[in-house]
Amino acid sequence: MTTAAAPSRTESKTTEHFDVLIVGAGISGVGGAYHLTTQRPGTSFVVLEGLDGFGGTWWMHRYPGIRSDSDLHTSGYRFKPWVGPPIATAEEILAYMGEVIEENDLAQHIRYNHRITNARWSNEDKRWTIEATQTDTGEPRRFTANFLWMCQGYYRHAEGYTPEWPGMADFEGEIIHPQTWPEDLDYRGKRVIVIGSGATTATVVPAIAADVEHVTVLQRSPTYFIPGRNRNDLAETLRELDVDETWIHEIVRRKILHDQALFTKRCLEEPEKVKRELLDGVRQYLPDDFDMETHFSPTYRPWRQRIAFVPEGDIFKGLASGKASIMTDGIERFTPSGILLKSGEELVADIIVTATGFNMNVMGDINFEVDGDPVDFSKTVTYRGMMFTGVPNMLWVFGYFRASWTLRADLLADFVCRLLAHMERKGAKQVNAQLRPEDAEMELLPWIDPQNFNPGYLMRALPLLPKRGDKPEWQHTQDYWREKDEIPGIDLDGAEFVYS
Ligand SMILES: Cc1cc2nc3c(=O)[nH]c(=O)nc-3n(C[C@H](O)[C@H](O)[C@H](O)COP(=O)(O)OP(=O)(O)OC[C@H]3O[C@@H](n4cnc5c(N)ncnc54)[C@H](O)[C@@H]3O)c2cc1C
């Protein structure tokens, strides 16, 4: 690929052209910008971000206590040591990302308040035309790019997922989704219900417990948690030995990934034993007579959904203190003063927080066209969960759920840089992922196997998502431990890549 091409006849004066256009300035997009700068110096690129700041998930979520649910040694980038406690607040993550931007002079490449609406590929021009709206002025903006690097995440940022319950309009208090938490929400002295049992609930409840009159966790079914101290002993020991932070980062990452691989294997081989251990971990924080079976004993196998780490077991301490309580029950309907449960009991509340997850979206709700034809991603087949048949010169960073997202963002960034170099060497302007003759009869399956991993947001979105095949090349395996060797080893001249 060439750098900073001269405007073609199809461009107006207001169209800017780049070799690479990155969508989104979250962890993946900022990481992509770093890797392009260091691995492909001279490549012209721009990062378009719809919000007015970097950080994506960590910029957007403002609910009390917002923090990571996995460690930042692996949720941080491979190339920049994480020196804080493993579980980090959004503020700490944003500060870390800010350092990456500053240390690598990336700010010049990022355009905030640029919401992309359309992406059109032309086989004749061999480039993308990207239409965006500048959200602070309302002005349309147009860009062209040789390669589109989709770092837009996986869920709709504008609003979270709230199921429709009967009677919601009758409730006289406030209904809040954590994704759009109002900055001025005053919950002091109020009775709060938090619906949901995931990582968000585990974060919000201890953060507000001290200030509210009472907070009730209302869950339909229990979830697994791993409580523990928010400190990494190995990192602390290495620090005491005056080991360089770059080394500590690498060693601690390897140790965490090694332990996670063992844990995942055990979840598959001895799920009942792992379940008992997880429940014992929670039990130590709760009174002896606490009903563990009803509230903390999930029916699904450990690791079929992401397991949240709970630093210092803070949510369980809240439950033990009586300031928080937990109900495992279905919702019959909302009432003017709260929620009527299936069991007949009524919970009274001033504020109801629906920590019920998010809506996945496909490619940032951007309308895609190839040569004038709209792209329906559910009709495409994914190449390793990153490229899509019939959609040239484009890659989506979809990270891991069981391991940290960023591990894959780094791996895919290496892949993009290698692919761009390969195309340059070949003099190719276009690459398509294409089924090979031996794939012609391959059964096409949903994006992910629900037996393997099945959180609600993924199940709701399956009909919209690209298809997978039954061979590793056509699947997003969600297996970091395989992909860390497979992705760097991909043969770019393999028959699944067609260049022109
Ligand atoms: C509350 C919460 C906690 C999480 N905790 C963890 C954790 O502990 N560990 C972990 O590994 N993962 C966690 N995740 C998953 C998390 O989303 C990823 O780790 C990671 O932050 C995703 O980064 P990203 O850059 O790929 O996407 P995002 O963070 O979603 O950022 C995408 C960016 O793209 C922009 N964008 C989207 N569409 C457009 C468009 N059309 N035009 C312009 N810009 C657009 C968005 O505005 C956004 O800034 C968590 C997710 C949530 C919601």
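The following paragraphs describe the domain layout, a helix pair, the ligand shell and selected residue environments of a predicted model.

The chain is divided into two domains, each assembled from two separate segments: domain 1 comprises residues 15–157 together with 360–499, and domain 2 comprises residues 162–230 together with 284–356. The centres of domain 1 and domain 2, taken over C-alpha atoms, are separated by 33 Å. Contact between them involves 17 residues of domain 1 and 18 residues of domain 2, and the side of domain 1 that touches domain 2 is made up of nine nonpolar, four polar and four charged residues.

With respect to helix packing, helix α1 (residues 27–39) and helix α11 (residues 405–426) have axes that come within 9 Å and cross at roughly 35°, and the crossing of α1 and α11 is right-handed. On the α1 side, the contact is formed by Ile27, Ser28, Gly31, Gly32, His35, Leu36 and Gln39, which meet Trp405, Thr406, Ala409, Asp410, Ala413, Asp414 and Cys417 of α11. Classified by residue type, this contact of α1 with α11 contains six nonpolar, six polar and two charged residues.

Helix α1 also takes part in the surroundings of the ligand, where α1 contributes three residues, the largest share of the shell; both α1 and β4 (114–122) supply at least two residues each. The ligand is surrounded by 32 residues, of which Gly24, Gly26, Gly56, Gly153 and Gly364 come nearest. In terms of residue class, the shell around the ligand divides into 18 polar, ten nonpolar and four charged residues.

Burial was examined for helix α5 and for a single position in helix α4. Helix α5 (residues 199–209) is mostly covered, with ten of its eleven residues buried; the buried positions in α5 are Ala199, Thr200, Thr201, Ala202, Thr203, Val204, Val205, Pro206, Ile208 and Ala209. Ala95, by comparison, is found in helix α4 (residues 90–103) and is partly exposed, because 13 other C-beta atoms lie within 10 Å, a count that falls between the limit of 12 or fewer for an exposed residue and that of 20 or more for a buried one. The C-alpha atom of Ala95 is separated by 18 Å from that of Tyr63, a residue 32 positions away along the chain.

How values were computed. Residues are numbered from 1 along each chain as its sequence is written. This is a predicted model: local features need pLDDT of at least 70, side-chain atom pairs count only at pLDDT 80 or more; totals for chains, interfaces and linings use all residues. Helices (H or I, at least four residues) and strands (E, at least two) are DSSP runs, numbered from the N terminus. Axes are lines fitted to C-alpha atoms, for helices over the stretch in contact, and angles run from 0 to 180 degrees between N-to-C directions. A crossing is left-handed if the near helix is turned anticlockwise from the far one by less than a right angle, and right-handed if clockwise. Two residues are in contact if their C-beta atoms, placed from the backbone, lie within 7 Å. Ala, Val, Leu, Ile, Met, Phe, Trp, Tyr, Cys and Pro count as nonpolar, Asp, Glu, Lys and Arg as charged, and the others, Gly among them, as polar. Domain bounds come from an automatic or database domain assignment. A residue is near a molecule or strand if its C-beta atom, placed from the backbone, lies within 6 Å of it.
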